[in-house]
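Hi,

Here is the structure I promised to pass on. Have a look at it first, and my notes follow underneath.

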Amino acid sequence: MSKKYILKRPIQKIIRFSKEENDYLKDKIERSPFNNFQNYARILLLTGEVKMVDYSELQRLNGEVNRIGNNINQIAKLAHQFKEISGEDINDLSQQLSEIQAMISERFKEELKQERLI
């Protein structure tokens with residue numbers, strides 16, 4: 001006798017769309033934090049809204065931090081060439097930059113986790 005798998009959400013609802021409606025819906029789902037129709041529709045129907053979070057500022061910040069890292073690398077090359085800045089100072093800058101990058105990455109993860117809990 002085989003075991004039956006007990007679904008967490010056993011009740012199914014069926015809905016039909018025109019091709020245009022379906023294309024529109026696919027586009028909205030792709031731009032949402034949800035990876036499929038079921039998750040998108042369930043949250044929309046239960047909460048009355050799908051929250052969209054704009055990560056553009058966080059992404060811009062991440063890009064700026066990466067550019068700062070490139071600048072530090074260029075400074076390090078010049079420092080080694082002209083022996084004007086100690087290697088310890090460069091290592092300290094690099095460490096601080098790594099900490100900033102880790103904080104940004106952690107913030108991204110926290111935001112995504114919160115979206116999935118909605």
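Start at K83, just after α3, where the backbone takes a positive phi of about 55°. Bear in mind throughout that this is a predicted model.

The helix before that spot, α3, covers residues 56-82. I checked its length: with 27 residues at 1.5 Å each, α3 should span 39 Å, and its end C-alpha atoms are 39 Å apart, so the two agree. Several residues of α3 are buried, namely L58, G63, V65, G69, I72, A76 and A79. If you follow those along the helix, it helps to remember that an α-helix has 3.6 residues a turn, so residues three or four places apart point the same way.

I75 is also in α3, but it counts as partly exposed because its relative accessibility is 36%, between the 20% and 50% cut-offs. What does I75 touch, leaving out residues up to four places away in sequence? Its contacts there are I85 and I90. I90 is 15 residues from I75 along the chain, and their C-alpha atoms are separated by 8.0 Å.

Now the cores. The largest nonpolar core has seven residues: Y55, L58, V65, I72, L97, I104 and F108. Both α3 and α4 (87-117) supply at least two residues each to this core. One member worth clicking on is F108, which is in contact with Y55, L58 and Q59 once its neighbours within four places in sequence are set aside. Apart from the largest core lies another one, made of five residues, including L25, F34, Y40 and I43. As background, nonpolar side chains in soluble globular proteins tend to be buried together.

On to the aromatics. How many aromatic pairs does the structure hold? There is one, formed by F17 and F37 in an edge-to-face arrangement, with 6.0 Å from centre to centre and 80° between the planes. F17 sits in the segment before α1 (19-31) and F37 in helix α2 (residues 37-47), so the pair ties together parts that are 20 residues apart in sequence. Are these two rings buried, exposed or something in between? F17 is partly exposed, at a relative accessible area of 37%, and F37 is partly exposed too, at 35%.

Helix α2 turns up again in the largest pocket, where it gives the largest share of the lining, eight residues. In total 19 residues line this pocket, and K13, Q38, A41, R42 and L45 are the ones that lie nearest its centre. The space inside comes to about 710 Å³.

Last, a look at α1, where you will find E21. With 43% relative accessibility, E21 counts as partly exposed. How far apart in space are E21 and F82? From C-alpha to C-alpha they are 64 Å apart, with their positions 61 residues apart in sequence.

Shout if you want to go through any of this together.

Cheers

Note on methods
Residues numbered from 1 in each chain as written. Predicted model: local features only at pLDDT ≥ 70, side-chain atom pairs only at ≥ 80, totals over all residues. Heavy atoms only, no water. Phe/Tyr/Trp six-rings, centres within 6.5 Å; stacked < 30°, edge-to-face > 60°. Helix = DSSP H or I, 4+ residues; strand = E, 2+ residues; numbered from the N terminus. Buried < 20%, exposed > 50% of the residue type's maximum accessible area, 1.4 Å probe, protein only. Expected span 1.5 Å × (residues − 1). Core = buried A, V, L, I, M, F, W, Y, C linked by side-chain atoms within 4.5 Å. Contact = heavy atoms within 4.5 Å. 1 Å grid on protein atoms, 1.4 Å probe; cavity = no way out; pocket = protein on both sides within 12 Å on 5 of 7 lines; lining within 4 Å. Points joined across faces, edges and corners; volume = space filled by probe spheres on them.
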